[in-house]
Amino acid sequence: MMTTISTTLNLASPAAGATSHSDNSLSSQISQLTSQITKLTQQLKDVAAGEGSADQKKEKQELLQAQIKMLQAQLAQLQRQQAEQANKKNSTQAAPQVGVNNPTDGKKIDIYI
């Protein structure tokens, strides 16, 4: 008896250099991937207790492990993007503002009364 393992994978990766994803979108994608990894991990545990020959179980386990590795790689990529966005956001907020309220050394006005 051959058992088919069916899993939906969202393998669409963002375009290189695209910054149109917001933090919420990345967070939701990360959450979905984490959920999928958890489900596949549970399926992997269930294979050992399931029916079938040792060869069938081994084949199912290898398939599930390959899917988990692929999802983990995608998860790591999204987490890196999220960290890069957070760093960009923090670096732009931390940059000193130059202007009227924050004069530079060369643009100070001395007023004597």
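Helices are taken as DSSP runs of H or I spanning at least four residues and are numbered from the N terminus. On this basis, Lys39 is placed in helix 1, and the protein chain as a whole contains 2 helices and 0 strands.

The model is predicted. Its pLDDT averages 78 over the protein chain, and 69% of the residues reach a score of at least 70. Residues 8-21 fall below 50 in pLDDT, although this stretch has 18 contacts in the model beyond near neighbours in sequence. Where pLDDT is low, the predicted coordinates should not be read in detail.

Of the 113 residues in the protein chain, 16% are buried. The accessible surface of the chain amounts to about 8800 Å², and carbon and sulfur atoms account for 53% of that area. Among contacts with a sequence separation of 6 or more, 76% join residues that are 24 or more positions apart.

The largest nonpolar core consists of 12 residues, namely Leu26, Ile30, Leu33, Ile37, Leu40, Leu44, Val47, Leu64, Ile68, Leu71, Leu75 and Leu78. Helix 1, which covers residues 23-49, and helix 2 each provide at least two residues of this core. The greatest contribution is that of helix 1, with 7 residues.

Leu78, one of the core residues, belongs to helix 2. Its relative accessible area is 3%, and Leu78 is therefore classed as buried, the limit for this class being under 20%. With residues up to four places away in sequence left out, Leu78 is in contact with Leu26, Gln29, Ile30 and Leu33. Of these partners, Leu26, Ile30 and Leu33 are also listed in the largest nonpolar core. For the pair Leu78 and Leu26, a sequence separation of 52 residues corresponds to a C-alpha to C-alpha distance of 6.6 Å.

Two lysines, one in each helix, were examined alongside the core. Lys39 of helix 1 has a relative accessibility of 56% and so counts as exposed, a class that requires over 50%. Its C-alpha atom lies 9.6 Å from that of Ile68, with the two positions 29 residues apart in sequence numbering. Ile68 is itself a member of the largest nonpolar core. Lys69 is located in helix 2, which runs over residues 54-94. This residue is likewise exposed, because its relative accessible area is 61%. The C-alpha atoms of Lys69 and Ile37 are 8.9 Å apart, and the two residues are 32 positions apart along the chain. Ile37, like Ile68, appears in the largest nonpolar core.

Nonpolar side chains also occur on the surface. Ile109, Ile111 and Ile113 form a nonpolar surface patch, and their combined accessible area is about 480 Å². Within this patch, Ile113 is situated in the segment after helix 2.

Methods
Residues are numbered from 1 along each chain as its sequence is written. This is a predicted model: local features need pLDDT of at least 70, side-chain atom pairs count only at pLDDT 80 or more; totals for chains, interfaces and linings use all residues. Side-chain values use heavy atoms; hydrogens and water are left out. Buried means under 20% relative accessible area, exposed over 50%, partly exposed in between (1.4 Å probe, protein chains only). Contact means heavy atoms within 4.5 Å. Accessible areas come from the Shrake-Rupley method with a 1.4 Å probe; for residues, only the protein chains shown count as cover. pLDDT is the predictor's confidence in each residue, from 0 to 100. Patches are made of residues with over 30% relative accessible area and no salt bridge: like charges are joined within 9 Å, nonpolar side chains (Val, Leu, Ile, Met, Phe, Trp, Tyr) within 5 Å. A salt bridge is a side-chain nitrogen of Lys or Arg within 4 Å of a carboxyl oxygen of Asp or Glu. A nonpolar core is a set of buried Ala, Val, Leu, Ile, Met, Phe, Trp, Tyr and Cys residues joined through side-chain atoms within 4.5 Å.
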